[in-house]
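Here is a short walk through one model, with the ligand's surroundings up front and the helix packing further down. Have the viewer open as you read.

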Amino acid sequence: MATPRFHLPVVRPRRLRATPAMRRLVAETSVRPQQLVLPVFVREGALEPTAISSMPGVVQHTRESLKSAVVEAAELGLGGVMLFGVPAAKDAEGSGALDPDGILNRAIADVRGEIGDDLVVMADLCLDEFTSHGHCGVLDARGRVDNDATLSIYADMARCLAEAGAHTVAPSGMMDGQVAVVRSALDIAGHSDVSILAYSAKYASAFFGPFREAVNSSLEGDRKTYQQDPANAREGVREALIDVEEGADMVMVKPALAYLDVLRDIREAVDVPIAAYQVSGEYAMIAAAAQNGWIDREAALLESLTSIRRAGADVILTYAAAEIAPLLG
Ligand code: PBG
């Protein structure tokens with residue numbers, strides 16, 4: 001017998017990949033419907049749901065179509081919904097956010113009326129959907145976003161959202177001190193049971209592009225004086241620690257896929273649940289490539305959601321939540 005030229009491998013990781021059952025048995029990470037939150041847009045005065053061209057498959061809802069969407073979300077076993085309002089009129093102060101009859105507050109009440117406590121009803125707490133200049137806060141005389149004047153509006157907005165019935169408010173404007181202000185405003189108004197999901201590590205990202213169409217917003221300038229520099233990971237951890245200290249019940253990293261390192265770092269630094277937001281541009285890239293036949297839509301969505309979980313997210317906000325939930329075994 002010829003002398004073998006080398007010893008065959010003893011250690012063979014492929015044994016654990018041999019069959020679907022074996023792969024299922026040893027899978028380290030899973031994505032469950034209850035971990036997914038569906039972001040939804042509702043447009044004031046809309047008579048029909050309106051397609052958002054840069055986000056194929058996503059619409060601006062009417063108040064009626066939103067109700068059916070949340071009933072479906074509950075039937076699918078999703079964890080929650082995140083509501084964004086698109087007001088008919090915008091002004092420099094974003095006053096629609098504080099109007100109890102404004103679209104966001106009305107929609108929250110509609111949704112709670114429909115599904116009660118079967119889903120966690122979350123509301124984006126930010127002014128950019130409501131301001132004519134598209135910034136997340138109000139501007140000072142020199143046109144800069146005024147941190148502390150904005151905080152006082154966030155305090156009022158938090159109370160409005162809670163009164164409308166939000167289980168969770170999600171301050172997303174990246175103003176310093178926003179979580180502490182929202183917590184105390186809620187508590188003073190008797191809403192100590194309303195939780196805060198803080199958009200803690202939120203980056204000044206090109207991946208928010210399609211969201212502008214989704215909320216009919218035209219931004220003047222950029223958000224770089226309040227959202228974070230994509231170059232910074234330690235700063236993301238610092239923001240999350242500050243938010244936990246100020247009373248955040250959950251923290252968020254946003255966008256998700258380009259910031260998985262930040263997600264992992266924050267996972268190691270805090271004990272509260274962490275959410276990650278697969279944002280409009282991340283969704284749009286997959287949707288557009290799939291429409292061109294360049295990528296398998298479902299497989300790409302599942303792989304990206306699995307990666308976000310693997311990096312340490314407990315909760316994922318994704319526009320594909322309702323589509324993906326039935327595929328999760
Ligand atoms: C702020 C907010 C934004 C998004 C969620 N909340 C826009 C921004 O900060 O520029 C973006 C979500 C997405 O792109 O899917 N209200």
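## Around the ligand

The shell around the ligand is made up of Asp124, Cys126, Asp128, Glu129, Cys136, Ser172, Phe208, Phe211, Arg223, Val279 and Ser280; a residue is near a molecule if its C-beta atom, placed from the backbone, lies within 6 Å of it. By class, that shell has 5 nonpolar, 2 polar and 4 charged residues. Here Ala, Val, Leu, Ile, Met, Phe, Trp, Tyr, Cys and Pro count as nonpolar, Asp, Glu, Lys and Arg as charged, and the others, Gly among them, as polar.

Some housekeeping: this is a predicted model, where local features need pLDDT of at least 70 and side-chain atom pairs count only at pLDDT 80 or more, while totals for chains, interfaces and linings use all residues. Residue numbers start from 1 along each chain as its sequence is written.

## Two annotated arginines

The unreviewed UniProt entry lists Arg212 and Arg223 under "binding site". UniProt positions are in the numbering used here, feature names are shortened, and annotations may be inferred rather than shown by experiment. Arg212 sits in helix H6, residues 209-214. Helices (H or I, at least four residues) and strands (E, at least two) are DSSP runs, numbered from the N terminus. Arg223 is in the loop between H6 and helix H7 (234-246).

Is each one buried or exposed? Arg212 counts as partly exposed because it has 15 C-beta neighbours inside 10 Å, whereas Arg223 is buried, with 20 other C-beta atoms within 10 Å. The cut-offs are 20 or more other C-beta atoms within 10 Å for buried, 12 or fewer for exposed, and partly exposed in between, with C-beta atoms placed from the backbone. Leaving out residues up to four places away in sequence, Arg212 touches Ser217, Ser218 and Leu219, and Arg223 is in contact with Cys136 and Ala204. Contact means that the two C-beta atoms, placed from the backbone, lie within 7 Å. Cys136 and Arg223 both appear in the ligand shell too.

## Glu239, Ser280 and Tyr319

UniProt (unreviewed entry) also puts a "binding site" at Glu239, which is found in H7. Glu239 is buried, with 23 other C-beta atoms within 10 Å. Beyond four places in sequence, Glu239 touches Ser200 and Ala201.

Another "binding site" annotation in the unreviewed entry covers Ser280 and Tyr319. They span 40 residues in sequence, yet no two of their C-alpha atoms are more than 7.6 Å apart, so they gather at one spot. Ser280 belongs to helix H9 (residues 280-291), and Tyr319 lies in the loop between strand S10 (315-318) and helix H11 (321-324). Ser280 counts as buried with 25 C-beta neighbours inside 10 Å, and Tyr319 counts as buried with 27. Setting aside residues up to four places away in sequence, Ser280 touches Met55, Phe208, Gly209, Pro210, Phe211 and Ala214. On the same basis, Tyr319 touches Pro39, Met55, Val58 and Tyr283. Met55 is thus a contact of both Ser280 and Tyr319.

## Helix H8 and its cover

Which residues of helix H8 (residues 260-269) are buried? They are Val262, Leu263, Asp265 and Ile266. Looking down the H8 axis, these fall within an arc of 165 degrees, so they line one face of the helix; the arc is that of the directions from the helix axis to the C-beta atoms. An α-helix has 3.6 residues a turn, so residues three or four places apart point the same way. The face of H8 turned away from the buried side carries the exposed residues Asp261 and Glu268.

The cover over the buried residues of H8 includes strand S7 (195-202), H7, strand S8 (250-254), strand S9 (274-278) and helix H10 (297-311). H8 and H10 pack at an angle of about 35 degrees with their axes 8 Å apart. Axes are lines fitted to C-alpha atoms, for helices over the stretch in contact, and angles run from 0 to 180 degrees between N-to-C directions. At this contact, Leu260, Leu263 and Arg264 in H8 meet Ser307, Ile308 and Ala311 in H10. By class, that makes 4 nonpolar, 1 polar and 1 charged residues.

## Gly80 in strand S4

Gly80 is in strand S4 (residues 80-86) and counts as buried, with 26 C-beta neighbours inside 10 Å. Beyond four places in sequence, Gly80 touches Val37, Leu119, Val120, Val121 and Met122. Gly80 and Gln35 are 45 residues apart in sequence and 8.3 Å apart in space, C-alpha to C-alpha.
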